[in-house]
Each structure stands twice: as C-alpha cells, then as structure tokens.
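Me: I'm new to this structure and would like to learn how to read it. Could you walk me through a few features?

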Amino acid sequence: MELANELGIKGNDRVKVTSARSYYIAKAFVTKRIKPMTIDGKKIYQIGIPIHQGYRGIQEDEERNARTLLNRLSPTVTDPNAYTPELKGFLVKLEKV
Amino acid sequence: MSQAVLQIRKMSGHPGPVPGANVERAEQVCKLIDTTTCIGCKACEVACLEWNGYPFTDTTFDNTYQTMPETTWKYWNLIKFNEHEREDGTLMLLMRKDQCMHCADPGCLAACPADGAIVQYANGIVDFQQEHCIGCQYCVTGCPFNIPKFNPETKKVFKCTLCSDRVAVGLEPACIKACPTGCLHFGTKDDMKDLAETRSKQLRDHFGFEKAGVYDPPGVGGTGVIYVLHDATNPEAYGGLPKDPHVPWVVRLWKGPAKWIGNFAMLFGVLGVTLHYLRFGPKVVHDKDSKQGEAKKGERP
C-alpha cells in the first residue's frame, strides 16, 4: 500500500518487475496485507507474485502468451545441503508501465 | 443401498422407535454461513455453477480476490473479500459468501407485478419462475441486497434458488455440499439459529471477538440465509452487507396505499362520468361546432 502510493500505482495497473536476470509484466494488486520491513535501519518493501504457470506466462503482455517467464526473475541458487532452490528472496525493481 | 432421500417407516433389528418416523417436516429451511471459518476457496462458487449448469465466465479483477465485482445473472454465488482494518490497527481479510438471502418478507416478491413470477415455497425458499417473468426488473428495485440480475438477451431475471430442486428431494444445496471447511450449514431455521448462537457465544467467550454475533436482519422479517460475523455491529465491512435492510419505501408505497388510491380514483372516475350522464344526459353538439364540421366536410372533394 505504502509502496504503491509512493510509485503512484493503483489496483489493476500494469507494472513491470525487473530483476538482474529478466523482467515480468503483471497486473498490480495493491494490498494492505504486506507491510514494509525495516532491515538495518532501511525501509524495505516486499512484493509477491503468484507462481505456478506453464512454460509460457499468463502475465499481461503479449496476450497472455508471453515468453518472459516469472521463473526467469529468480536466481538459480540452491541450498548447498538440501539443494532447496532459493527463489523467494531477491531484489527487484518495480515500475509502472 | 441406503436411500437417504426417502423417509424410513420400519427398520429391521432396530431397538426403540424408528428415527424420524411419523414426522412431518414443513419447517423453514435455512443456510448458515460462518464467516469466521470461511477460507475463501470459492468451492461454493464452482459448485453453484456446476449444479445450475452455467459455464465459467471470464473473471474481472478489481483489486481484490473476488471473481468479479458483483454477482451476475449466471453467477449467483460470489465470495466477497475485504481487507478490513480494525480499530486497534490490525488487519483482517474478511470473506463473505454473497447470494440470495431468501427473506421471509421478500422485497422482490412485493415489487413483482407478474402473476406467479416470484414464489415463496412453504419451506421459505424464494424462487423466480422465469416462464412467468415479464422482464420489468422491478424486483431489482425491491431487493435490499442487490441480488436479482437481469439477462438482457432473454429479458428474464435470475438469482440463487437455494437449490430448491435439491432441497425438494432432501439434499442440501450444492454450495453446502462443496464447502471444505464446514463453514456452511443447512437445516431448519430454528436449528441454524441455535447453532449460530452457540458459535457466536464461542467466539465471544474463547476467541476474543467480543462483538461476534448473528446476522438475521428483522427489517425483512428474518432471512433464510444467516451469517455468523466477527463483528455483528459492522456488517458493512463484509462486502457491503446492509446493517438494517428494508424493502424500499417506494415499493411499499406503490404496492400499498398508492395502489388503492389509484383503484379508488379509477372507480370514482367511472362513477362520476356515469352520474354526469344520468344527470345532464349525453353531450350535445353545438351549432358552431357542427357548422365547422360541415365546412370541413365540404372542403373534401
């Protein structure tokens, strides 16, 4: 909610999420449920994107048939012991398109 | 095979009286929705579509988890989501299954001018008979819950039937059958009210929801669908559930006094004309008028 107000994003707007690896275009769902965190004195915002799609994304660009998958955003890093993928914690840039 | 649908009269090897024998059940049926245990899975929405034979339609996103902003003529059952901030600053994601409330004093039925288009069965279910519907949409005006929806193609109005076809043969409505958490209950009105009171007392005493209560608005004579709410003093937070719903006064005025005034006005009008005829006789054509008439006739070739 706070982040959305800062960036001027309303519900149903198209947003672009960019990480170091790829980008993803989605519809914004502005919610009060995810609150900003304070880490090391800095205010860190958190966003969430639902997963479970096919080999082509169902996001909003290219008529729900996009080639840029959500999974490309996440790093290919695994836990050295159990090889559990580390897919949830990484940095992204959020902007309105 | 057990035939649970039929009533049992005799039972083999059963000590004591047969359960349910000699019982006439013409009681009010009721659906109880416990919003405190709803998880918003929308199984009831899908069950409703499947049982009533409607296809799944495209969803409309409006910045909530709702399938669409409000129910449509072929989507009778919709869970409404609301991110509700409480007074102490904590957040609650409230979910409420929205469908026809099956009022004891239905506004749609009061407003409907078509003979037999809206009926209330002896067990309290309010049902639309589309073959008698004239498509005037007065029921939409009469409903305080915004439930009847118009199909512009067939010019008929549709809404939840409380699965009257299932209830008639002793089954529960499809939504209740599908609910995975058991937050939906179906039974007689008295049983459901008892259950609702027990549950809200439990919420008040053990879960810290001090304002928990039952939503069974008396403004429409009680409803055939009742809710257990975390905060019964603020039902608007649950996707716009009216606090004190009433049949609109326009409908009441129009179907009550205005109807009688209209009838009397018409009666006295006819009576006045008759008396005038008896007292003064038929209308006489004056000379001036008749001359004009002749002149006009003369103009014609």
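Me: Why is the sulfur of C160(B) not in a bond with the closest cysteine sulfur?

Reply: Happy to help, and do keep in mind that this is a predicted model. A disulfide is a covalent bond between the sulfur atoms of two cysteines. To count as one here, the two sulfur atoms must lie within 2.5 Å. The closest cysteine sulfur to that of C160(B) belongs to C100(B) and is 5.4 Å away, so the distance is too far for a bond. C160(B) itself is buried, at 9% relative accessibility.

Me: How many disulfides are there over all chains?

Reply: By this rule, zero. Take C139(B) as another case: its nearest cysteine sulfur, that of C136(B), is 6.4 Å away, and C139(B) is in no disulfide. C139(B) also counts as buried, with a relative accessibility of 8%.

Me: Let's turn to the surface. Which residues gather in a patch of negative charge?

Reply: Look at chain B, where D190(B), D191(B), D194(B) and E197(B) form that patch. Within this group, D194(B) sits in helix α6, which covers residues 189–206. D194(B) counts as exposed because its relative accessible area is 52%, and the cut-off for that word is over 50%.

Me: And which residues make the nonpolar surface patch?

Reply: W260(B), F264(B), L267(B), F268(B), L271(B), L275(B), Y277(B) and L278(B) make it, with an area of about 950 Å². You can find L271(B) in helix α8 of chain B, residues 257–280.

Me: Is L271(B) buried, partly exposed or exposed?

Reply: Partly exposed: its relative accessible area is 45%, which falls between the cut-offs of 20% for buried and 50% for exposed.

Definitions and conventions
Residues are numbered from 1 along each chain as its sequence is written. Chains are lettered from A and ligands numbered from 1 in the order in which they are written. This is a predicted model: local features need pLDDT of at least 70, side-chain atom pairs count only at pLDDT 80 or more; totals for chains, interfaces and linings use all residues. Side-chain values use heavy atoms; hydrogens and water are left out. Patches are made of residues with over 30% relative accessible area and no salt bridge: like charges are joined within 9 Å, nonpolar side chains (Val, Leu, Ile, Met, Phe, Trp, Tyr) within 5 Å. Accessible areas come from the Shrake-Rupley method with a 1.4 Å probe; for residues, only the protein chains shown count as cover. A salt bridge is a side-chain nitrogen of Lys or Arg within 4 Å of a carboxyl oxygen of Asp or Glu. Lys and Arg count as positive and Asp and Glu as negative; His and the chain ends are not counted. The place of a charge is taken as NZ of Lys, CZ of Arg, CG of Asp or CD of Glu. Helices (H or I, at least four residues) and strands (E, at least two) are DSSP runs, numbered from the N terminus. Buried means under 20% relative accessible area, exposed over 50%, partly exposed in between (1.4 Å probe, protein chains only).
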